[in-house]
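Okay, thanks for making time, everyone. I'll put the structure up and then walk through a handful of local details.

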Amino acid sequence: MHTGKQLSTEIDATVPTAARMYDYYLGGKDNYAADRAAVGELDKVVPSTRRLALNNRRFLQRVVRTLTQEYGIRQYLDHGSGLPTQDNVHQVAQRIDPTSHVVYVDNDPMVLVHGRALLEQDERTVVIQADMRETDEIFGHPETRRLIDFSEPVCVLFNSVFHCIPDHDTDGPLALARRVRERLAPGSFLVMCQLVSEDPEVRAFVTDFMDQATQGHWGRVRRQQDVESYFEGLEILEPGLVEVSTWRPDTEVAPRQLTQEWIEFGGVGRIPR
């Protein structure tokens, strides 16, 4: 298991983070010049990234709405949740059932600051600072134990975060997905998607660029077959593993990913009862 260094509580405005770059793509204000400059360089090679970020956010909202409404899920554990935007997981779930519980996990200190300020008055939602690979720490955290009953079905979210994790036998995405799954009750859900490309040049460029820009806080852009391996043994909800803008779109004219140099690919799996 990953045993990373102590997480920083200091915000370094000079080093881009994936969370703040994503915030900028979504039109947020919690980002710095370094994040915006990195976005500008990234857009030169993969210009569809802003649309991709927006479509990914909408996918997350549709998934939470679907699982809360249609499958009765009332507990969410969101790994690598990022900076608060509009219609976060707790807002989508609690509109359907105000008793829904949500635990957000992120290692970015800015996420912790803004998230805790947002949630001060909400006893059913919390943000904890942790590396998403530290499964023991996350599942054993007092706030997680207060809000999540793991003897009951829960939804665990790894939404657009696995590309931030390097490959490793013990704490790469595949090992992490399996380790988390072992702790969940039958009927629980895993939501997993990440950036993929079938173009080796795009994979190499983005992986190298983001690794350098974030000073090593990156994994790699993978292929669809890598993501498919995360779901082995799970019951995959329709429409299967797809480019996420096509996962149960709200309307026929919903925004789609128009270019394919890289896409967000994944879906929703359920642990068999």
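Let's start with Q75, which is in strand β1, residues 75-79. Keep in mind that this is a predicted model. So is Q75 buried or exposed? Its relative accessible area is 9%, so Q75 is buried, given that buried means under 20%. As for partners, a polar atom of the Q75 side chain lies 3.1 Å from the backbone oxygen of P153. P153 also turns up among the residues that Q75 touches, and that list, not counting residues up to four places away in sequence, includes H101, L147, D149 and C155.

Okay, on to aromatics. How many aromatic pairs does the structure hold? There are 6 aromatic pairs. Take F139 and F150: that pair is stacked, 4.5 Å centre to centre with 25° between the planes. The pair links distant parts of the chain, with F139 in helix α6 (residues 135-140) and F150 in the loop between α7 and β4, 11 residues apart. Both of those rings belong to buried residues: F139 has a relative accessible area of 6%, and F150 comes in at 19%. That 19% still counts as buried because the cut-off is under 20%.

The next pair is F205 and F209. Their ring centres are 5.7 Å apart and the planes are at 20°, so this pair is stacked, since planes under 30 degrees apart count as such. Here both residues lie in helix α9, residues 200-213, and they're 4 residues apart, about one turn of the helix. On accessibility, F205 is partly exposed at 29%, while F209 is buried at 18%.

There's also a cluster: F158, F162 and Y230 form one aromatic cluster.

And back to F139 for a second, because what sits over its ring? That would be the charged end of R183, 5.3 Å from the ring centre.

Last topic, backbone oddities. E238 and P239 are joined by a cis peptide bond, with omega about 10°. P239 is in the loop between β6 (235-236) and β7 (242-243).

Then, positive phi at residues that aren't glycine. S160 has a phi of about 55°; S160 is in the loop between β4 and α8, and is buried at 16% relative accessibility. R248 has a positive phi too, about 45°. R248 lies in the loop between β7 and β8, and R248 is partly exposed, with a relative accessible area of 25%.

That's my list, happy to go back to any of these.

Conventions. Residues are numbered from 1 along each chain as its sequence is written. This is a predicted model: local features need pLDDT of at least 70, side-chain atom pairs count only at pLDDT 80 or more; totals for chains, interfaces and linings use all residues. Side-chain values use heavy atoms; hydrogens and water are left out. Helices (H or I, at least four residues) and strands (E, at least two) are DSSP runs, numbered from the N terminus. Buried means under 20% relative accessible area, exposed over 50%, partly exposed in between (1.4 Å probe, protein chains only). A polar contact is a pair of N or O atoms within 3.5 Å; within protein, one must be able to donate a hydrogen and the other to accept it, and residues adjacent in sequence count only if both atoms are side-chain atoms. Contact means heavy atoms within 4.5 Å. Rings of Phe, Tyr and Trp (its six-membered ring) pair if their centres lie within 6.5 Å; planes under 30 degrees apart count as stacked, over 60 as edge-to-face and the rest as tilted. A charge sits over a ring if NZ of Lys or CZ of Arg is within 6 Å of the ring centre and within 35 degrees of the ring normal.
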